[in-house]
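Visitor: Please give me a close look at one single part of this structure. I should also like to understand the whole to which that part belongs.

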Amino acid sequence: MGMLRSRVMMVSSEVSPWAKSGGLADVLGALPKALADLGYHVAVVVPRYMNAADSAATRVIDRMPVPLGDRQVEVGVWEMSGASGVGSVSLYFVENAALYGPQDRAGLYGDAEGDYPDNHIRFAVLARAALEISRHLFHADVFHCHDWQASLLPVFLRETLAGDPEFSAARTLLTIHNLGYQGLFDAPLLSETGLGDYLFNPSQLEFWGRINFLKAGIVFSDAINTVSRKYAEEIQTEEYGFGLDGLLRERSRVLSGILNGVDYTNWNPATDAHLPARFSPENLEGKRECKRALLNEMGLPERSIDQPLLGIVSRFATQKGFDLIGEIAPRIFERDVCLVALGNGELRYETLFAGLQADFPDKVTVKLGFSDPLAHRIEAGSDIFLMPSQYEPCGLNQIYSLKYGTVPVVRATGGLDDTIDESTGFKFADYNGDALLAAVRDACQAWENHNQWEARMVRGMRRDFSWAPSAQAYSELYERL
Ligand code: ADP
Ligand code: GLC
């Protein structure tokens with residue numbers, strides 16, 4: 001405080017609660033506020049897609065030209081700030097009906113047919129528009145770019161706008177939330193992003209004959225971070241590097257890991273309005289009520305209240321390790337244990353979970369879809385939360401689980417390894433079904449001992465993963481830049 005803080009502009013494809021497919025949205029919904037609490041002026045720039053519930057926003061620019069090479073796209077800019085529940089953070093929505101919807105765009109990145117064929121243009125425009133928003137509406141000292149969708153910004157800044165006095169002092173930070181999504185496009189599409197062909201070479205934008213947005217961000221940003229310390233190390237190895245580990249090792253001097261925090265105003269069982277009853281470390285009674293109501297909501301037998309209840313809330317993607325659950329399901333469900341799962345995504349996992357429900361109808365219920373209220377009720381009503389991820393940059397659900405007294409069973413990778421220890425959860429190391437099964441059995445066995453289990457729950461509930469220390473770490477990174 002008192003000190004003159006930099007002005008930070010975050011650029012992202014998601015922000016909670018307006019546009020969310022996973023944890024990226026949660027981070028963008030919370031980190032800017034935590035930085036504002038430290039005295040920063042923060043802006044967030046996202047596309048205005050779908051029928052985002054953004055009625056509190058006002059259109060501040062009707063037609064802002066966004067140059068893409070020798071072409072030009074026009075966007076509208078909507079602003080929401082101050083009293084609209086975002087603290088002293090300014091939110092800018094970039095509007096272009098053809099690119100972002102609301103019509104003709106079922107999802108954020110694609111529909112039933114797959115990824116949208118114009119994603120390279122959609123997110124080139126987002127990045128280039130953010131720079132123009134900085135010019136006209138919110139001068140930024142630091143551009144904090146998130147994932148591949150914002151990764152062309154540092155390239156536009158250093159190449160297209162080199163020499164532009166408006167940006168001569170600007171610095172860039174790229175946060176990698178997931179190295180598994182890089183934004184890969186066919187080479188001939190480069191000209192449609194407005195960037196020059198000369199950048200298409202292996203030390204800049206080319207990745208095995210294709211354009212790689214995330215690689216561009218890694219090459220052109222002043223600093224790079226990921227969302228846990230462990231993941232920052234893992235991505236420099238061949239096993240977790242998705243082909244970019246060599247480049248990341250080259251850039252290791254500017255690469256760090258900063259653990260995500262949690263927004264406890266949104267995820268707190270003592271105040272959570274989505275729950276049928278509330279509870280806290282001092283009074284756990286409501287948790288049993290949440291379990292009873294969840295079993296009922298999911299159509300599982302009432303008598304199951306006296307068996308351990310496993311919970312899952314997730315995107316259904318290979319990353320999340322559900323192949324292991326398919327592998328060991330018969331051996332899990334030969335015991336008295338139930339599972340409730342909420343998720344959507346890849347068809348093969350929707351099929352896998354639907355199959356489990358068909359095979360074990362009085363033990364497994366799966367809801368396919370996206371429901372924030374149900375996600376809260378599963379966190380609250382389950383006894384054990386499963387995250388057997390193949391890799392996990394940070395992972396938020398295991399941290400929510402701790403807060404809700406739901407003991408996590410996790411694979412020791414990335415942020416799961418950094419946030420869970422033997423006293424609060426169960427970890428396994430090798431990515432195979434037997435290792436997961438052993439951890440699930442240990443957890444179920446430990447659950448039998450009521451007093452020890454409660455002590456474990458309470459230890460987890462008292463852990464503090466609020467944003468303040470992480471925001472402080474970002475602050476230090478900005479100031480170093
Ligand atoms: P990732 O970002 O890889 O999906 P995280 O654990 O960081 O994983 O964050 C996932 C976030 O998305 C959590 O807030 C979780 O509750 C939410 N989420 C994921 N799938 C669903 C779903 N089907 N319905 C509701 N919320 C979901
Ligand atoms: C990504 C990761 C997840 C992380 C989230 C927010 O989606 O898969 O582990 O928690 O981003 O950083």
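Guide: A residue is called buried when its relative accessible area is under 20%, exposed when it is over 50%, and partly exposed in between (1.4 Å probe, protein chains only). By this rule, 60% of the 481 residues in the protein chain are buried. The model is predicted, so local features need pLDDT of at least 70 and side-chain atom pairs count only at pLDDT 80 or more, while totals for chains, interfaces and linings use all residues. Residues are numbered from 1 along each chain as its sequence is written, chains are lettered from A and ligands numbered from 1 in the order in which they are written, and side-chain values use heavy atoms, without hydrogens and water.

Let us begin with the whole. The protein chain contains 16 helices and 20 strands; these are DSSP runs numbered from the N terminus (helices: H or I, at least four residues; strands: E, at least two). The C-alpha atoms occupy a box of roughly 70 × 50 × 45 Å along the principal axes. For 481 residues, a compact globule would have a radius of gyration near 23 Å, and the chain agrees with its 23 Å (taken over C-alpha atoms; the globule rule is 2.2 Å times the number of residues to the power 0.38). Of the contacts between residues at least 6 apart in sequence, 71% join residues at least 24 apart, where contact means heavy atoms within 4.5 Å.

The part chosen for the close look is helix α10, which comprises the 13 residues 347-359. At 1.5 Å a residue, α10 should span 18 Å, and its end C-alpha atoms are indeed 18 Å apart (the expected span is 1.5 Å times one less than the number of residues). Within α10, the residues Tyr-349, Glu-350, Leu-352, Phe-353 and Leu-356 are buried. They lie on the same side of α10, because they cover an arc of only 160° around the axis (the arc of the directions from the helix axis to the C-beta atoms). An α-helix has 3.6 residues a turn, so residues three or four places apart point the same way. On the other side of α10, Leu-347, Thr-351, Ala-358 and Asp-359 are exposed. The buried residues of α10 pack against helix α9 (322-332) and against three strands, namely β15 (309-316), β16 (338-345) and β17 (364-368).

Other parts of the chain may be set beside this helix. In strand β8 (residues 142-146), five of the five residues are buried. Val-142, His-144 and His-146 point one way from β8, and Phe-143 and Cys-145 point the other way. Strand β8 runs parallel to β1 (residues 7-11), to which four bridges join it, and it pairs in the parallel sense with β9 (residues 171-176) over five bridges; two strands pair if DSSP finds at least two bridges between them. Met-10 stands opposite His-144, and Val-142 stands opposite Arg-171.

Two single residues in other helices complete the picture. Val-125, in helix α3 (residues 119-136), is buried with a relative accessible area of 0%. Leaving aside neighbours within four places in sequence, Val-125 touches Val-66, Leu-68, Val-73, Val-75, Leu-99 and Tyr-100. Ser-475, in helix α16 (residues 468-480), counts as buried at 2% relative accessibility. With neighbours within four places again left aside, Ser-475 is in contact with Arg-5, Leu-35, Leu-38 and Tyr-40.
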